Structure formats: structure tokens, C-alpha cells
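Please work through the exercises below with the sequence and the structure at hand. Each task is followed by a solution that goes step by step.

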Amino acid sequence: MKTVGNESLLYRSDDKSVHVLNRTAKLIWDMCDGEHSLADFESSIRSSFAVPDDYDVMNDIRQAIQTMSDKGLLVLNN
Amino acid sequence: MATETTLQQLQLNFYDVQATIHSDSSAYIDLFAKMYPRFISKSVANSPQHTTEFTVYTTPNNPAKTPILITERQKIPLNKPDFLEGFVYEAILNDIISRVQSHLLIHAGVVSHHNQGIIIAADSGHGKTTLVLELLRRGCKFLSDEIAAISRTDQQVYSFPRSLRIRSGTLDLVGFSEAQSAASTWLDKLLLDVEAIQPNCLADVAPIRQVILLHNPHNRIKNSNQTLDIFLERLDDTLIEQIYQMTDIIKLDIDTDGVYPMLKILADNRMAVLEEIEKLCHEHQILIVNVIRRRYDRPTFVGPAKLEKIPTSKAALELLKQFKPGHHSALLKDEFHGRSKLLFIELMSLLGQATCYQLSVGPLNQMADLVGQLVDLPPA
């Protein structure tokens, strides 16, 4: 993981792929440690970024996690 | 009785590469000297790490019995008179550039103001040189209109001060018409040193503070990232058959209406296709005269010009597409083992201190105003 400006680069040594995370995705990535709940994610995002109260942050979080999972960056435990 | 040809020579320094050009024609050597005067005189702090040589015979009076360009990698017979014009100069420059490892060379213009370097990248025809000259007229310093040389050691952009090749109309457009008297003409364009246009305008180096990608908002050509136009010296049935069998090619059209036959290719992995076609052409002894990597509609500049901030990763990806040495790069092959992803990561790091923008092209004054505001350049 390498941070450049507002983005972070994630390099997978197994398939040599490179992934770019924006600040929100980086925050989610950092919290994907098996210890945090989705509610923790939402709370952290709302406190770090100016998000309107009626915006569906949880939907974005689910999408981001699914994308990371689809790309093999995360293993989801039900 | 055979006569011995006397060769003249010229030595040029391009960052960590020293190139020596030999030719039987003093006119050739003189033209190179006119194109790269600042590469001859420029003192290099360290000895160049790589050296290379080129020999151009313009007559058959040589062991190959034909006009020929000899490089360290290959011998290219110059079978048609017009190969002795632009083709040889481009072939030599491309070969030199592919050997540079100290800097990332990106097809882009570069200016600076108050030591803030601005890289302006665009495909041909998007007004890059005109915008660079307009910014020069407004007080910016000039580093290059063609290549941004980004140092891998200090993250700064260095000048690439080869003589400008511009249309006289471009000089008129930006108010430098008088400079025309100092220019010579080559292949329908003017050739002149930038300080003949604006004295003392040259800067050697600047930290990269802004990266601007010129963008045509009205581009209607689809799949421009997958297109490849290859101009060949001649066609050969076996070669065409082999190209048709390449699995990465989605569509292949052959256009024989121009001076040289052209392969119009749509491909998934364009660079791999180009590399394969280069190998095949080498086997068949067919010269690739020119390669155009992306097709775009020429912008109309009717505007309005618009500047939008973009992520560094998007800018780095676009700059990577403008990586001048392409897949021939020794740096890419030797240090990054052919993996452009590693080049992307390095480029991202080098742009770490820059803010990146996309500039939708419009009228020249509007574009220059928008860029000027980023570096507190006084309005025109």
C-alpha cells in the first residue's frame, strides 16, 4: 500500500494487479479487519467526510466491499 | 575503383544517453545540429550511462550499396527517397529516447511560472504547442513543447529544448509573427529555437505542480484506446495472413489509397499487437513507416474551455498512454520487466506533489486564462 496525494495504491503481488483507492475506499479498506461492523464504517465515514444526513452511505459501503471482494482484495466472512 | 566516404559526426546528450550520429551528408548533420543545438552544447553533470551510435548513408556509396540507416539494433535500407526526410530523424530520435532510463519521457508540453512546473499533455491536434506558446507570451518559462522529461531521482521536470517545428500560422496566432524571419523551413514547417521567439524564456528544470490533460469534449470516435494505424512500406500477402490470425485483433482494415498502405486495427491489447506486427515486419524485411496509436476527432475549439480537477491516478494513466518510448523503452524492459503497472506506480509517485486537471479545449485565450489562474499568471 502506497499513498499518493488523496489516493492509495494497492499492489497485489500474487497476480501483479494494481488497484487505486480513493480516500473513502481507503478508510473502508483500513477498517476491514474483522473487528468492525458496517455501522462502524458508516459512522467513521460520516465523521470524516461531509455527507448529507439523508444520503445512503450504507449502500456505498456495501458496493465498495463487494467490489473489493470481487477483485480478490478481501475475503468476506459471513 | 571504390572511393572511401568521409563521414561527418555529431554528438548529442539526452539525459543519461550520449548519441553519436555519423553521416556522409553534411546537410544531414547540419539539420540535426539545427534541431538539437542545446543538446550539443548542454554540459552534462555526470558522464552519460548509455552510449549509442547511428550512421546514415544518403548515397549507395557504402558497403550495403544502398542508402541506409545503421543503428546498434538494426540496419534499415532507405529504399525510397522520402525515407531520407522525416523518417530517419524520427527513427533516430525514437531510438535514443527508448534508451533513456534516468527520466520518464512523456509526450507533453511543459512551461513553468515562479518555479511551478505545468505539464500539458494531449494528443496531436489538440493545440498543445499553441497553448504552450500563448503561455510563453504571457510570461511563462519554456521547458518543452514536445516532451516532458520527469526525473526519476528528484521528481522534477526537465527541459527538452529541441527546436520548435511549427506552422507559420501558429506563430501569427500567438503574436510572434516577427520570429518567422529567424526560422528555417523543414518539411513544410518552420524550425526555430524558442529563444528566437522569446529571449531568455528557457528554464532548465521545475518541480511538477500542475498536470493538465487537454480533452476534446466532442470526440465522437469510439474505442480510441483500442485503435492502431500502421503505415507500411509495402504489403505482403503472407504478412497480412499472419496478422489476420492474431487473436487480439478485433477488426483489421487495409487502406491502400495513400502513399503507403495502412493497416487500420482495432485491438484489445494494442501494444502487444504492435510488438507482434513489428516482429513480423522485421522477419519480412518490411519497414514500418509510421504508427498512429489513437484516432481522435480534431477539436473545433468552439468552447467554452472548462477546467476540472481529476484524480492523480487518472492523470497518471493518461500520461502513461503518452509515454514516448512506448514498449521499446529500455527502462520498461530492463527495470520493470515489461510491466507497465510498475511504471504507473512510479509515475503516480512522481506526480505526488501535483494537482491534476482535465481541460476541455476551447478558444485559446480562455484556455490560457484558466491555466494562468492556477499559477497566478497575470491576465493577458
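**Exercise 1.** In which sense, and over how many bridges, do strand S4 (residues 68-70) of chain B and S5(B) pair?

*Solution.* Bear in mind throughout that this is a predicted model. S4(B) and S5(B) pair in the antiparallel sense, and three bridges join them. To place this pairing on the residues, start from Ile68(B), which stands opposite Pro77(B) in S5(B).

**Exercise 2.** Describe the sheet of chain B to which these strands belong, and then find the helices that lie across the strands.

*Solution.* Begin with the order: five strands of chain B form an open sheet that reads S1-S2-S3-S4-S5, with mixed pairing. Next come the edges, where strand S1 (8-14) and strand S5 (75-77) of chain B each pair on one side only. From one strand to the next, the twist averages 15 degrees.

Then turn to the helices. Helix H1 (residues 26-35) of chain B lies across S1, strand S2 (17-23) and strand S3 (50-57) of chain B, and its direction is at about 20 degrees to S1(B). Helix H3 (residues 86-99) of chain B lies across S1, S2, S3, S4 and S5 of chain B, running at about 170 degrees to S3(B).

**Exercise 3.** Is Ser360(B) buried or exposed, and which residues does Ser360(B) touch?

*Solution.* First locate the residue, which belongs to strand S20 (residues 355-360) of chain B. Its relative accessible area is 7%, and Ser360(B) is therefore buried, since buried means under 20%. Finally, leaving aside residues up to four places away in sequence, Ser360(B) touches His215(B), Pro217(B), Pro304(B), Ala305(B), Lys306(B) and Glu308(B).

Methods:
Residues are numbered from 1 along each chain as its sequence is written. Chains are lettered from A and ligands numbered from 1 in the order in which they are written. This is a predicted model: local features need pLDDT of at least 70, side-chain atom pairs count only at pLDDT 80 or more; totals for chains, interfaces and linings use all residues. Side-chain values use heavy atoms; hydrogens and water are left out. Two strands pair if DSSP finds at least two bridges between them. Helices (H or I, at least four residues) and strands (E, at least two) are DSSP runs, numbered from the N terminus. Axes are lines fitted to C-alpha atoms, for helices over the stretch in contact, and angles run from 0 to 180 degrees between N-to-C directions. Contact means heavy atoms within 4.5 Å. Buried means under 20% relative accessible area, exposed over 50%, partly exposed in between (1.4 Å probe, protein chains only).
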